[in-house]
Amino acid sequence: MRYLERCELCHANDKSDTVSIGKRVLYRGKYIYVAVDIAPLCIGHLLIITKEHYFNFYETGEVIKEETEKIKGIIKNIFQKIYHSETLFFEHGSAIPGEAGSSVDHAHLHAIPCKIDLKNILDNLLGNSIECDIFSKNYHNEFSYIYLEDINKKVIYKVDKLPSQYLRKTVGEKLNNNNYDWRMYCKSLASLQMLEQTYIDLKGKIK
């Protein structure tokens, strides 16, 4: 799929330092890349991003799955060693632009070193979940979704519509960080300090 002119993440695999995310990339693979989140909710907050434009990871193929699962495993091991923490993965999987709470409709999976039980919160808000991984074809991609993965579970919730950055807000609250809006806080001192520390901690370790 071709890059979109105005998608912040489509052009982010450009190696030029004129691209803001270029200075945050920790891994460049064949189909995905990993970058520090532009406004981390905590030190260690990463994004796993497809190089080409997809609305969500459900749309991607088997080759992207293989590379992504490998990198997820590496990240989980690194978070254990460096931050002594489990890993929370989540995606706002927009099948329809502007839904699922995503603020950028390009496949990107958040990886955060923390142990937070989000399932109860999402169960109360969204109802029953479907137990499957992010690449599962056991459900139809006719709806937007939220994907949640931690040490105990991999689940998907059907979403009609959620506020932008809903999961960032919810996770941020659990981490005592109310600065969840990346567009607003990405240039704040606290955000830049966490970004820089994450880059220092993890540079050269994801490979």
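Contact here means heavy atoms within 4.5 Å, and by that yardstick Ile121, Leu122 and Leu125 in α2 meet Tyr166, Leu167, Thr170 and Lys174 in α3. This is a predicted model, so local features need pLDDT of at least 70 and side-chain atom pairs count only at pLDDT 80 or more, while totals for chains, interfaces and linings use all residues. Residues are numbered from 1 along each chain as its sequence is written, and side-chain values use heavy atoms, with hydrogens and water left out.

**The helix pair**

- Helices are DSSP runs (H or I, at least four residues), numbered from the N terminus.
- The axes of α2 (residues 119-126) and α3 (residues 166-174) come within 12 Å and cross at roughly 140°; axes are lines fitted to C-alpha atoms over the stretch in contact, with angles from 0 to 180 degrees between N-to-C directions.
- That makes α2 and α3 oblique to each other, meaning the angle is neither under 35 degrees, nor over 145, nor 65 to 115.
- The α2 and α3 crossing is right-handed, that is, the near helix is turned clockwise from the far one by less than a right angle.
- Sorted by class, the contact of α2 with α3 has five nonpolar, one polar and one charged residues; Leu, Ile and Tyr count as nonpolar and Lys as charged.

**The cysteines**

- A disulfide needs two cysteine sulfur atoms within 2.5 Å, and the count comes to zero.
- Cys42 is in no disulfide, and its nearest cysteine sulfur, that of Cys114, is 6.0 Å away.
- Cys42 counts as buried (under 20% relative accessible area, 1.4 Å probe, protein chains only), because its relative accessibility is 14%.
- Cys114 also counts as buried, at 7% relative accessibility.

Key. Buried means under 20% relative accessible area, exposed over 50%, partly exposed in between (1.4 Å probe, protein chains only). Helices (H or I, at least four residues) and strands (E, at least two) are DSSP runs, numbered from the N terminus.
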